[in-house]
Amino acid sequence: MLRKTKGLFLVVISCFLITSCDSDAVFDEYKSVPNQWHKDSIVSFNFKAPDTIKNYNLYVNLRNTNAYKFSNLFLIVELNYPNGKAVIDTLEYKMAAPNGELLGTGFSDLKENKLWFRGYKEPFKFNEDGDYTVAIQHAMRNNGDVDGVQNLQGITDVGFRVEQAQK
């Protein structure tokens, strides 16, 4: 029994060490969404520019459950620069396969999605030193409705990640 416990302990510690060693991540943070994501609720992240010379990839990270009933996701993402400049994008992401199976990684009904924001077409550089803010808001609508979905179900966490781009 003691040998089994030690073996399980070693496996758990090994998994933790493997997943926690992420040398590319410069910033990686999640914020929980309580029960439902209200259409007027904005999730914000503040971080310092890591370097003004290197290239970076920026991602919106989401965790969702089977309660998410859409095949796609529309987000409004605003990137605020230290000098006051703001860039606002309306982005669409595919969240489910044609058969309805949710995309993303995960073994249970909780899926994690790493969605490109910047750096996928051309390298992204933080051309200004200082504090940046990213604000994320959902922009979902039901087909045929003018008004947006008031409370979006199934999204449990919203995150933002900055990685150093691979050379």
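**Exercise 1.** How much space lies in the largest pocket?

*Solution.* This is a predicted model, in which local features need pLDDT of at least 70, side-chain atom pairs count only at pLDDT 80 or more, and totals for chains, interfaces and linings use all residues. Residues are numbered from 1 along each chain as its sequence is written, and side-chain values use heavy atoms, with hydrogens and water left out.

Step 1. A pocket is an open set of points on a 1 Å grid over the protein atoms alone, where a 1.4 Å probe fits, with protein on both sides within 12 Å along at least five of seven lines.
Step 2. Points are joined across faces, edges and corners, and the volume is the space filled by probe spheres set on them.
Step 3. The result is about 210 Å³.

**Exercise 2.** Find the strand order of the open sheet that contains β8.

*Solution.* Step 1. Strands are DSSP runs (E, at least two residues), numbered from the N terminus; two of them pair if DSSP finds at least two bridges between them.
Step 2. β8 (residues 131-138) pairs in the antiparallel sense with β3 (residues 43-48) over six bridges, and likewise with β5 (residues 72-80) over six bridges.
Step 3. Thr-133 of β8 stands opposite Asn-46 and is also the bridge partner of Asn-80.
Step 4. The four strands run in the order β3-β8-β5-β6, with antiparallel pairing.
Step 5. β3 and β6 (86-94) are at the edges with a single partner strand each, so one side of each has no neighbour in the sheet.

**Exercise 3.** How many residues of β8 are buried?

*Solution.* Buried means under 20% relative accessible area (1.4 Å probe, protein chains only). Six of the eight residues of β8 are buried.

Terms used. On a 1 Å grid over the protein atoms alone, a cavity is a set of points where a 1.4 Å probe fits but cannot get out, and a pocket is an open set with protein on both sides within 12 Å along at least five of seven lines; lining residues have an atom within 4 Å of a point. Buried means under 20% relative accessible area, exposed over 50%, partly exposed in between (1.4 Å probe, protein chains only).
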